[in-house]
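I opened this structure to practise reading a model with care, and I kept notes on what I looked up as I went along.

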Amino acid sequence: MDNLMKQISNPSSTGGLGIHFENRVQASFVLLMLTGGFAPCLPTWPICKIKFQGKYQNFDIDDLIVYTKQLETNKEAKLSCQIKRSIDITSGSREFGEVMRAAWSDFNKKGLFTEGTDAIALITGPLSAKDTRGVRDLLRQAQNSESAEDFIQRVDLSKFSGGDQRSKLEVFKSHLKAANNHNDVTDEQLWRFLKSFHLLIYDLDIEGVTLSLLHSLIGQYSVDRVQDIWARIVNLVEWKNENAGFVTIDCMPDDILTLFQRPIPRTIPNNFLAPALLPAREKGWGRLEYASSLAFANLIGSWNEKTEGDLKIISSLTREMYHDWINKIQDIIHTPDAPVVLKNGIWNVTKRKELLEELGSRIFDRHLDNFKQCAVAVLTERHPKFELPPENRFAANIYNKVLKHSDSLRKGIAETLALLGTHADNLPNCSLGKADAVAATVVRDVLQNADWVLWGSLNDLLPLLAEAAPDEFLQAVENALQQTPCPFDELFLQEGNGIMGGSYVAGLLWALETLAWDEQFLVRTSVVLGELASRDPGGTYTNRPINSLTTIFLPWLPQTTAPIEKRKVALQILRREVPDIAWRLLLNLLPNQRTTSIGSHKPLWRKTTLEHTENKVTRDEYWQQVSIYADLAVEMAKSDLFKLVELIEHFDHLPPVSFDKALKYLSSKDMIDSISENDRNHIWTALVKLTQRHKAFSDKDWALSLDSVSQIENVAKLFTPTNPIYLYRWLFNERDFRKNQEPEVEKQRQQAIKDVLEYGGIDAIYELVRKVESPIKVGKTLASMAVKEIDSLILPNALNTDNLQIVQFVRSYVWQRYSEQGWTWVDRLDYKNWTNVQIGCFLSYLPFMAETWERVNTLLGDDEIEYWSRVNAGRLESSDHLEFAARKLIEHSRPLAAIDCLYYGGILEKRPLNQKLAIQALLEVISSNETVYSISRYEIVEVIKVLQNDPEIIKDDLCRVEWAYLPILDSRDEVSPKTLEEKLATEPRFFVK
């Protein structure tokens, strides 16, 4: 319960942030309408109306309905949006379940939703990487599939989808089943729904990219009042939202419409045009009175005049008092086309490369020596935010954990180092090699023996330091990887989640990607990235070393200027140094493993690397690379059984020559004779799964030819297991068959079960259960065979286990036997030698209904706790006995499960709520030790909301509830502690008590 209260008292999840986020999302669509933009997920037609809170118009997805209209034909399309600041897209998420229930309801309302034109969207703040990637990729598969059959095939196949997609498909299926009155949706219904459903992620609760783009949109009409105009639109939306109103262009307030009037385009008069071009102005910065001061400004790059540390560095570098030196720079900014700008106290030097060309002669060795000392002092500063716990670092400014030198100065100095390392020839009065030496020395001195805090403090600057001195930078990273403890190990562990987290290795990865563009650094950067990938524990951010490697070597869009042979050498060395990472990389580079890329981080100052590179790949070059990578993968697989089994899953991605090499190796006598029976089983299973998938979908373009499938089958025969457990386990995979194959496959499964039973009896069945992907299918098949003797072999002995696979098997067996034979089978069992624990476990696998409870009473009597303490109190088969079930759950210390019953069996079914029972459950939750995940905050709030709207409620009881749940009662859920507030206003002494 403590964990629950911590969760529900978090202001980010329960306070005003939610409604604030919702209003901002709604306001963004109003802004699109005002500026002539288009709604996402719909045809590119103008937005004509926006409706808020459309529940009363029969919309269940009701936070926002956006209407668009094609001007030529008056055709309309609408986008129905549910807005959630944060949400978990999991099977256990009640909140996502409610979204699905509402979306499914609207999707099936004829006349309200037009399939193919209208769309439904869930709009959220930033989600976990797994939710974002899995759901978006799944929805994209649905939208790009030709049919339901094509969609299911795509998701089933690893080359079209990953495990995240398949996992999220099951999440959608489970929630849509609940929304569909607990009936499975067909593949056709599922595909059609997912085609119409969209996930939109807005980072509007932070100063993020989305808000910046909206501000930029407003800035096209009024540069000076962006914040005011945005606030005005948000205020309008808040008022409209509270009153379930709507907005159109015609009903928009005049003060807002005036701001967004489109300016009349003007063109230069024809008589102004002349054949002669205006003469270009000479730069002439070197002839300025204060040219030397400008040269120093260019050496600094950027600074914040409100930061005392910056001013001290500038005084040290210029050998002048800051106020004397800045007066000269202030004179310069008033000249036309000034290369220095000032905004909000931050000075920035623009055109730095051009200024170095013109003013570089004013820089001497002594200036660079002075700059070196300043640069080391600034860049070795450790950020005090790392003194805070990771979850608090986003608020470092609030805790006054700030750097002594501004981010502007740090970036400016890092850019200067990159300039010195790449444009040293623009400093004619410095000693030969002086500028390069300064850049290299600073990078070496800063990074030498740096701990994780310093690496993290320099995160954003590392790409610039890498460009400044590539050799010194790579040497520093290589040395750090040899340290014990390695600073990067701790840096990986600092990664957080959402807006309160961050990746502190992203800058390092961008730096290495930058250097990989240069042929001479490709091998070293590849090995370093491989070492980092081997240490990476994984996380929610996509900036990962293995992803950087994949992006660099991607055969159809390589992010390096190195020739193909050099890339091959780099991979060979990576294979030698970090074989496991090289293996993962090679599989990623096979065809169809990576269909999109946004490229890698490019050099900003060493652009000569890219000047003669078009980065276009011909078809022949693509297949040349793929053949190299595939051959390397085959060679690696020959010496590692696990890699060989994994490679078999990718046989359909191998070029023909590599495919033949792999099959030749598998069928060789040396190979077959050298492996154990267990290893032979693994290889056989992988080969059979591959052939089964391609035979099942032989009509698809991606399927292997019948000849290739036949070749694989011939090789598989060489590994055929003698043990039926291994021979048949592939039949019990999660999804390797089409729907129309299921009857035939079920016959094969039944024969398999018979053979396994003959081979080793029930113990062999249990071994099969432990080795298959779906123990549930084993239980269902065995139960459907109706072998009476099996009951006594499984029941009750298999009920005494904590093994999840056996539990799934037995639960499926019991459910299938009941489904086929009903209560006759249940009552026919002999319970004389069963323990009460076994009886309670058995009964908990039956439907949650009155008939089950009658047998609980008969078989368990006073020991009914063995049932009520473990039953999954989901939806009732009938709501007639709702209160009985809730009382029993409360009686046996499960008040959270009781609330679950009251919510799903009562509130959602529009049945009256027993207020006394609800209050009892709510109050007992406070001291309950029940597992938190069995109920969500959402259901608790919904029950309280119903109680508040009950005119017959006893006010004192409700006050106790509101007091207990005060942390979670807020305006976002339209639930406030209003009874407590009334009590405080009328009886202040109540609170003194």
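**Confidence**

I began with the part where trust is lowest: residues 1-17 keep a pLDDT under 50, and for this stretch the model has 33 contacts beyond four places in sequence. A second stretch, residues 276-282, also has a pLDDT below 50, and beyond near neighbours in sequence I found 2 contacts for it in the model. I reminded myself that this is a predicted model, and that where pLDDT is low, the predicted coordinates should not be read in detail. For the chain as a whole the average pLDDT is 85, and 90% of the residues score at least 70. I also looked up the extremes, and confidence is lowest in helix α2 (residues 11-14), with a mean of 32, and highest in helix α24 (residues 522-535), at 96.

**The chain as a whole**

I noted 48 helices and 9 strands in the secondary structure of the chain. Of its 993 residues, 53% count as buried, and the accessible surface of the chain comes to about 46800 Å², of which carbon and sulfur atoms hold 49%. Among the contacts with a separation of 6 or more, 71% join residues that are 24 or more positions apart.

**The sheet**

I then traced an open sheet of 6 strands, whose order is β5-β4-β3-β2-β1-β6 and whose pairing is mixed. Strands β5 (197-201) and β6 (246-247) stand at the edges with a single partner strand each, so one side of each is left without a neighbour in the sheet. Within the sheet I followed β1 (residues 47-52) and β2 (residues 64-69), which pair in the antiparallel sense over 5 bridges, and there Lys49 stands opposite Tyr67 in β2.

**The hairpin**

Next I looked at β8 (residues 340-343) and β9 (residues 346-349), an antiparallel pair with 4 bridges, in which Lys343 stands opposite Ile346 in β9. The two strands form a hairpin with 2 residues between them, and Asn344 in the turn has a positive phi of about 55°.

**One aspartate**

Is Asp150 buried or exposed? I found Asp150 in helix α6 (residues 148-156), and because its relative accessibility is 7%, while the cut-off for buried is under 20%, Asp150 counts as buried. Its side chain reaches the backbone nitrogen of Glu146 at 3.0 Å. Leaving aside neighbours within four places in sequence, I noted that Asp150 is in contact with Ser145 and Lys700.

Methods
Residues are numbered from 1 along each chain as its sequence is written. This is a predicted model: local features need pLDDT of at least 70, side-chain atom pairs count only at pLDDT 80 or more; totals for chains, interfaces and linings use all residues. Side-chain values use heavy atoms; hydrogens and water are left out. Two strands pair if DSSP finds at least two bridges between them. Buried means under 20% relative accessible area, exposed over 50%, partly exposed in between (1.4 Å probe, protein chains only). Contact means heavy atoms within 4.5 Å. Accessible areas come from the Shrake-Rupley method with a 1.4 Å probe; for residues, only the protein chains shown count as cover. pLDDT is the predictor's confidence in each residue, from 0 to 100. A polar contact is a pair of N or O atoms within 3.5 Å; within protein, one must be able to donate a hydrogen and the other to accept it, and residues adjacent in sequence count only if both atoms are side-chain atoms.
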